[in-house]
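Subject: Structure handover and findings

Dear colleague,

Please find below the structure for your consideration. A written account of the findings follows it.

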Amino acid sequence: MPDRPEIVCICGSTRFADEMRAANRDLTFAGVIVVAPGEADELITNEQKTALDALHLRKIDLADRVLVVNPGGYIGESTSREIAYAHATGKPISFTDPV
């Protein structure tokens, strides 16, 4: 038995912010430590997006596994990169919807 709760990194398109918040809530109430994409209330610059994308890869490094929130099976470009990174680093990956 691990001496700490499982850590799950949520990945997905920002268009699914509500669904990612719901997954975060459900996992948290299940006793899981959740790391999730950063959120911004305003448009961000390309430099900020690049920095946030790099930061999210570090969040995947911290996680025991990755949960991709993909309603309708949708996976965008950034999420595809995150899935490839998680796969390359040996992280288990699951999806909310069939791919």
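β1 and β3 run parallel and are joined by five bridges. One of the residue pairs between these strands is Cys9 with its bridge partner Val66 in β3. Please note that the model is a predicted one.

The sheet

The pairing of β1 with β3 belongs to an open sheet of four strands, ordered β2-β1-β3-β4 and paired in parallel. The edges are held by β2 (33–35) and β4 (93–95); each has a single partner strand, so one side of each has no neighbour in the sheet. From one strand to the next, the twist averages 30 degrees.

On one flank, β1 is joined to β2 by three bridges, and these two strands run parallel. Within that pairing, Ile7 stands opposite Ile33 in β2. On the other flank, three bridges connect β3 with β4, again in parallel. Val66, already named as the partner of Cys9 in the pairing of β1 and β3, has Ile93 as its bridge partner in β4.

How enclosed are the strands β1 and β3? Six of the six residues of β1 are buried, so β1 is largely enclosed by the rest of the structure. In a regular strand, side chains alternate between the two faces of the sheet. For β1, both faces are covered: Ile7, Cys9 and Cys11 are buried on one side, and Val8, Ile10 and Gly12 are buried on the other. As for β3, four of its five residues are buried, so β3 too is largely enclosed by the rest of the structure.

Helix α2 and His56

Helix α2 lies across β1, β2 and β3 and runs at about 145 degrees to β1. His56 is part of this helix, which spans residues 46–62. Is His56 buried or exposed? With a relative accessible area of 4%, against a cut-off of under 20%, His56 is buried.

Leaving aside residues up to four places away in sequence, His56 touches Cys9, Ile10, Cys11, Ala36, Pro37 and Glu82. Three of these contacts, Cys9, Ile10 and Cys11, are among the buried residues of β1. The His56 side chain also reaches the backbone oxygen of Ile10, at 3.1 Å. As regards Ala36, it is 20 residues from His56 in sequence, while the two C-alpha atoms are 7.8 Å apart in space.

The loop after β1 and the ring pair

Ser13 lies in the loop between β1 (7–12) and α1 (17–29). Its relative accessibility is 14%, so Ser13 counts as buried. Apart from residues up to four places away in sequence, Ser13 touches Met20, Val69, Tyr74 and Thr79.

Tyr74 also takes part in ring packing. How many aromatic pairs are there? The count comes to one aromatic pair. The pair is formed by Phe16 and Tyr74 and is edge-to-face, with 6.0 Å from centre to centre and 70 degrees between the planes. It links distant parts of the chain, since Phe16 is in the loop between β1 and α1, whereas Tyr74 is in the loop between β3 (65–69) and α3 (77–88), 58 residues apart.

The two rings fall into separate accessibility classes: Phe16 is buried, with a relative accessible area of 11%, whereas Tyr74 counts as partly exposed at 33%. In addition, Arg15 lies over the face of Tyr74, at 4.1 Å from the ring centre. Tyr74 is therefore a point where several of these features meet, because the residue is partly exposed, is touched by Ser13, pairs with Phe16 and has Arg15 over its face.

The start of helix α1

Ala17 is found in helix α1. Its relative accessibility is 19%, so Ala17 counts as buried under the cut-off of 20%. Between Ala17 and Asp53, which are 36 residues apart along the chain, the C-alpha atoms are separated by 16 Å.

With kind regards

Conventions: Residues numbered from 1 in each chain as written. Predicted model: local features only at pLDDT ≥ 70, side-chain atom pairs only at ≥ 80, totals over all residues. Heavy atoms only, no water. Buried < 20%, exposed > 50% of the residue type's maximum accessible area, 1.4 Å probe, protein only. Contact = heavy atoms within 4.5 Å. Phe/Tyr/Trp six-rings, centres within 6.5 Å; stacked < 30°, edge-to-face > 60°. Lys NZ or Arg CZ within 6 Å of the ring centre and 35° of its normal. Polar contact = N/O pair within 3.5 Å; in protein donor to acceptor, adjacent residues only side chain to side chain. Pairing = 2+ DSSP bridges. Axes fitted to C-alpha atoms, helices over the stretch in contact; angles between N-to-C directions.
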